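Please open the model in a viewer and keep the sequence panel visible. The tour below proceeds by selection, one stop after another.

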Amino acid sequence: MSSQQRSIPFLLRVSAILLVVSSLDQSSARSLEKNFNYDEIESSLSSTVVNQPVVYDATFTNLWTETNHPNSYPSSSAHWSPMVYASHSDSYRMWCDGCFATDGVELIAETGATSILVNEISSEQDTNAVLDQQTAPGSGTPVRDGQEVSPSGGVCVDKEHPLISSISMIAPSPDWFSGSISMIAPSPDWFSGLYNLRLWETNSSGENVWYEKFEAFVYAWDAGTEEGDSYSLGNSPTDPKEGMFPYVVGNNEVFVSENSSDGNLQVLPVGILTFELQGQSQECNSLSMSSSVADTARRFIIRVRKRGMPKLRRAKCRKWAAKRPSNRCRKMTRHLNGTVTGIRVRELCPMTCMSK
């Protein structure tokens with residue numbers, strides 16, 4: 001969608017989710033203040049403290065229907081692409097409001113294909129920014145109201161990687177998605193999901209504990225990579241790319257409907273994401289331990305100069321940092337797209353960089 005289309009004045013800030021639930025307590029309507037990242041429905045805390053790695057079951061429930069989103073709804077072809085989940089630290093960002101889509105996010109938002117994003121996440125695991133990733137199957141066509149989809153395995157989190165992000169395509173669409181992130185298909189580049197959901201909270205005793213359950217509404221987003229304002233494929237690319245943005249009242253009628261009670265315009269969620277604590281597991285303990293294992297197997301991306309030109313390269317603690325540790329241990333590691341991770345080499349290579 002073009003910036004001109006997106007600049008239509010914002011008419012109404014949605015404060016209730018109607019036709020899906022009868023009401024939403026204002027104290028839990030956090031996403032409306034966070035650019036439609038997510039809307040908390042309900043949550044409860046466990047007694048498990050965050051220094052213990054745990055596993056969560058993740059479930060996506062479809063709310064994208066002709067009843068809730070009647071404008072141009074593609075009844076016979078509506079579906080969701082596979083949803084990718086990642087648990088991570090705050091040095092990794094799968095997507096966010098205003099961020100430019102990585103190649104992996106762009107591919108999901110436009111086609112629903114997950115391969116590039118999965119590879120991007122795997123590279124971030126090498127830098128210790130990501131702990132775990134899982135992929136849930138697509139919904140099938142046409143998607144049903146209330147249909148639930150979950151990955152075959154749970155998602156591991158630990159104290160250093162307490163955040164969850166996800167994505168899936170709204171299909172067919174230009175480049176829309178729903179966040180944590182899932183593509184709504186068919187669509188140009190639309191998706192849904194959520195980003196940087198922290199799965200722990202401080203309880204009344206002052207302890208940091210994992211959630212027992214966290215449930216949230218998620219909304220439709222535009223990846224900023226492809227033109228189009230209807231459910232369609234094969235649209236021209238947005239040039240230059242734009243930052244990702246949520247659909248709100250005023251910028252696209254597809255996800256806007258009329259409140260049957262008062263006639264006001266509203267934007268309804270396209271799905272629900274639910275995370276339920278399953279406790280500890282040997283697999284999560286092993287993942288957490290391997291993420292903190294140092295030096296010998298640790299890989300990361302750094303920027304170097306070759307013939308005077310900056311270049312990204314993969315490196316290892318013992319084969320690269322050890323050669324000139326006093327200099328190289330201070331360098332900042334990079335994401336695949338070249339942006340800094342916020343993690344220095346010495347944090348990934350403590351043994352090699354000891355006392356340097």
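**Salt bridges**

A search of the whole structure of this predicted model finds two salt bridges. Select K213 and E42 to display one of them: the side chains meet with an N to O distance of 3.6 Å. K213 belongs to strand β13 and E42 to strand β1 (residues 39–49), so this pair ties together parts that lie 171 residues apart in sequence. With a surface shown, K213 is partly exposed at a relative accessible area of 25%, and E42 is also partly exposed, at 40%.

Next, select E201 and R198. These residues form a salt bridge in which the closest N and O atoms are 3.3 Å apart. E201 counts as partly exposed at 26% relative accessibility, and R198 counts as partly exposed at 32%.

**A buried glutamate without a salt bridge**

Move to helix α3 (residues 115–126) and select E124, which is found there. What is the nearest side chain of opposite charge to this buried residue? It is R314, at 8.8 Å, and E124 has no salt bridge. A salt bridge requires the nitrogen and the carboxyl oxygen to be within 4 Å, so a separation of 8.8 Å does not qualify.

Add H335 to the selection: a polar contact of 2.6 Å joins its side chain to that of E124. To complete the surroundings, show Y92, A129, V130 and L336, which together with H335 are in contact with E124 once neighbours within four places in sequence are left aside.

**Helix α2 and the residue after it**

Select helix α2 (residues 103–111) and colour its buried residues: G104, V105, E106, I108, A109 and E110. An α-helix has 3.6 residues a turn, so residues three or four places apart point the same way. Viewing α2 along its axis allows the placement of V105, I108 and A109, which are among its buried residues, to be inspected. Just after α2, select G112, where phi is positive at about 85°.

**The nonpolar cores**

Hide the previous selections and display Y56, W64, Y85, L199, W210, L273 and F275. These are the residues with the most contacts inside the largest nonpolar core, which has 36 residues. The elements that contribute two or more residues to this core are β2 (54–62), β4 (83–88), β7 (155–157), β11, β13 (208–218) and β18 (271–279). Which of these strands gives the most to the core? It is β13, with five residues.

A second, separate core has 22 residues, and V105, A109, L117 and M244 are included in it. V105 and A109 were met above among the buried residues of helix α2.

**Backbone details**

Three further stops concern backbone geometry. First, select T141 and P142: a cis peptide bond joins them, with omega about -10°. P142 is placed in the loop between β5 (130–136) and β6 (148–149).

Then select N196 in strand β11 (residues 189–198). Its phi is positive, about 55°, although N196 is not a glycine. N196 is partly exposed, with a relative accessible area of 22%.

Finally, select R307, in the loop between β19 (299–306) and β20 (309–316). Phi of R307 is near 55°, again a positive value in a residue other than glycine. Is R307 buried or exposed? At 80% relative accessibility, R307 counts as exposed.

**The whole chain, and where to be cautious**

Zoom out and show the chain as a cartoon. Its secondary structure comes to six helices and 22 strands. Of the 356 residues in the chain, 55% are buried. Among contacts between residues at least 6 apart in sequence, 69% join residues at least 24 apart.

Now colour by pLDDT. The mean over the protein chain is 79, and 76% of the residues reach 70 or more. Over residues 1–34 the pLDDT is below 50, and the model has 81 contacts for this stretch beyond near neighbours in sequence. Select also residues 179–187, over which pLDDT stays under 50 and for which the model has 108 contacts beyond four places in sequence.

Notes:
Residues are numbered from 1 along each chain as its sequence is written. Side-chain values use heavy atoms; hydrogens and water are left out. Helices (H or I, at least four residues) and strands (E, at least two) are DSSP runs, numbered from the N terminus. Buried means under 20% relative accessible area, exposed over 50%, partly exposed in between (1.4 Å probe, protein chains only). Lys and Arg count as positive and Asp and Glu as negative; His and the chain ends are not counted. A polar contact is a pair of N or O atoms within 3.5 Å; within protein, one must be able to donate a hydrogen and the other to accept it, and residues adjacent in sequence count only if both atoms are side-chain atoms. Contact means heavy atoms within 4.5 Å. pLDDT is the predictor's confidence in each residue, from 0 to 100. A nonpolar core is a set of buried Ala, Val, Leu, Ile, Met, Phe, Trp, Tyr and Cys residues joined through side-chain atoms within 4.5 Å.
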